[in-house]
Amino acid sequence: MKIRYAQGRTDEISIDVTTIEQVLLQLEINPVEVIVSKNGHLVPEDAMVSNDDEIRIFRIVHGG
Amino acid sequence: MTPGESSSPADTVPCSRCPSPAITVLRNSGIHLCGEHFAEDIEQRVRHSINEYSMIKEGDRIAVALSGGKDSTVLLYLLHKFLHGRKDLEIFALTVDEGIAGYREDTISSAEHISASLGIDHIIVSFREEYGRSLDELLRRRENRACTVCGVLRRQLLQRAARANGATKLATGHSLDDEVQSAMMNILRGDVRRIARVLPSDDASSFVPRVKPLRDIPEREVAMYGMVKGIYVNIRDCPYARFALRSDVRSLMNEMEYRHPGTLHRVMNGYDALTSRVGGMFPNQSLLACRECGEPCTGERCSACALVHSMNRENMGH
Ligand code: SF4
Ligand SMILES: [Zn+2]
Ligand SMILES: [Zn+2]
């Protein structure tokens with residue numbers, strides 16, 4: 001599965017079919033601190049993902 | 001795989017209120033919402049906060065503190081959405097340029113952009129004009145004090161500029177996360193006077209009253225609302241942010257919120273109950289005028305002037 005970070009970095013990991021939340025935990029990211037899109041659409045943390053998907057992780061920057 | 005289970009995972013989770021795909025799940029209730037229903041939910045909750053705390057009344061001229069980051073951008077958007085039809089109210093945007101090289105330029109142009117696109121007057125004031133130096137210049141080698149200095153000076157400048165421009169309210173984009181972090185920081189510092197809210201910056205009648213319409217909305221939901229409405233501003237962190245106690249408190253509270261959902265709301269409710277009870281514990285100090293800038297304060301100099309004074313003295317001394 002391809003992972004894009006909003007800062008431009010990308011990553012490729014292999015997963016079994018699982019939830020966004022599990023992927024984030026595997027990446028040691030607190031789901032409370034990010035918003036995730038799957039194949040270009042925002043999705044809830046309990047959405048399923050597989051190796052064919054591309055997810056994008058927006059870290060919520062403090063301040064504003 | 002057992003028979004009856006679908007062979008491929010459902011591509012989307014439906015909204016709990018309509019057939020559209022959900023973009024989020026509210027962690028407290030497990031309710032899934034699509035973009036439209038999520039936005040509706042946020043708008044309702046913000047309206048509720050505004051009413052519950054009587055934040056806005058007829059005849060108000062509201063200065064909206066606009067840093068150009070995501071929270072204040074969403075705040076300006078929402079206040080405009082709620083109020084632009086009202087003939088008895090005015091809003092304008094107010095931006096403080098602290099002078100943080102490599103960071104503030106982007107947020108200021110984004111503040112200009114959102115104000116212009118909503119047709120809202122936009123006033124920019126700066127540390128350099130007001131205090132003679134930018135934050136970068138004031139700090140030299142004392143980066144660890146950045147947020148304290150920045151916070152005190154910005155709060156004062158916002159007050160002064162709001163008043164100078166005839167504002168009757170000063171609205172800021174503080175989210176639930178910000179408010180909980182501030183509460184926790186007061187506790188971690190043992191700052192009882194601040195917990196009891198006796199600092200003149202909050203309540204004194206000579207100050208333009210501050211209102212925080214996003215105070216019940218988690219920061220993540222504010223950001224998501226911005227994305228849904230196409231006004232999300234993705235900027236980098238302030239270069240000084242890593243020095244702040246707030247960064248550590250933020251990670252800690254996020255961890256607690258993830259492991260024990262609802263923590264932020266519970267802390268805030270408890271803290272509100274606490275401050276409303278201990279609020280009268282300290283005698284009110286009478287307000288004098290700062291001998292340098294004339295701002296209301298409790299000593300000879302206001303905290304902003306005292307700070308600039310001491311920073312300048314240190315700059316010359318070393
Ligand atoms: S992180 Fe600190 S220094 Fe940077 S803008 Fe915020 S308060 Fe100011
Ligand atoms: Zn819906
Ligand atoms: Zn002063």
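Student: Why is the site of the zinc ion (ligand 2) called tetrahedral?

Tutor: This is a predicted model, and in it the angles among the four donor atoms of the zinc ion (ligand 2) run from 100 to 114°. Four donors count as tetrahedral if all angles lie between 85 and 135 degrees, so the site of the zinc ion (ligand 2) is tetrahedral. The ideal for four tetrahedral donors is 109.5 degrees.

Student: What makes B:C15, B:C18, B:C34 and B:H37 donors of the zinc ion (ligand 2)?

Tutor: Distance! Their atoms, SG for B:C15, B:C18 and B:C34 and ND1 for B:H37, lie 2.0 to 2.4 Å from the zinc ion. The cut-off for N, O and S atoms is 2.8 Å, so they count as donors. Along the sequence, the spacing of these donor residues reads C-x2-C-x15-C-x2-H. B:C15, in the segment before β1, and B:C34, in the loop between β2 and α1, are 19 residues apart and link distant parts of chain B.

Student: How do you know whether B:C15 and B:C34 are buried or exposed?

Tutor: Check the relative accessible area: 7% for B:C15 and 4% for B:C34. Buried means under 20%, so both residues are buried.

Student: And B:Q181, why is that residue called buried?

Tutor: B:Q181, in helix α7 of chain B, has a relative accessible area of 2%. That is under 20%, so B:Q181 is buried.

Student: What makes the pairing of the B:Q181 and B:R246 side chains a polar contact?

Tutor: The two side chains meet at 3.2 Å, which is within the 3.5 Å cut-off for a pair of N or O atoms. Leaving aside neighbours within four places in sequence, B:Q181 is also in contact with residues including A:H62 and B:V249.

Note on methods: Residues numbered from 1 in each chain as written. Chains lettered and ligands numbered in written order. Predicted model: local features only at pLDDT ≥ 70, side-chain atom pairs only at ≥ 80, totals over all residues. Heavy atoms only, no water. Helix = DSSP H or I, 4+ residues; strand = E, 2+ residues; numbered from the N terminus. Buried < 20%, exposed > 50% of the residue type's maximum accessible area, 1.4 Å probe, protein only. Polar contact = N/O pair within 3.5 Å; in protein donor to acceptor, adjacent residues only side chain to side chain. Contact = heavy atoms within 4.5 Å. Donors = N, O, S within 2.8 Å, 3.2 Å for Na, K, Ca; no water. Tetrahedral: all angles 85-135°; square planar, octahedral: opposite > 155°, others 65-115°.
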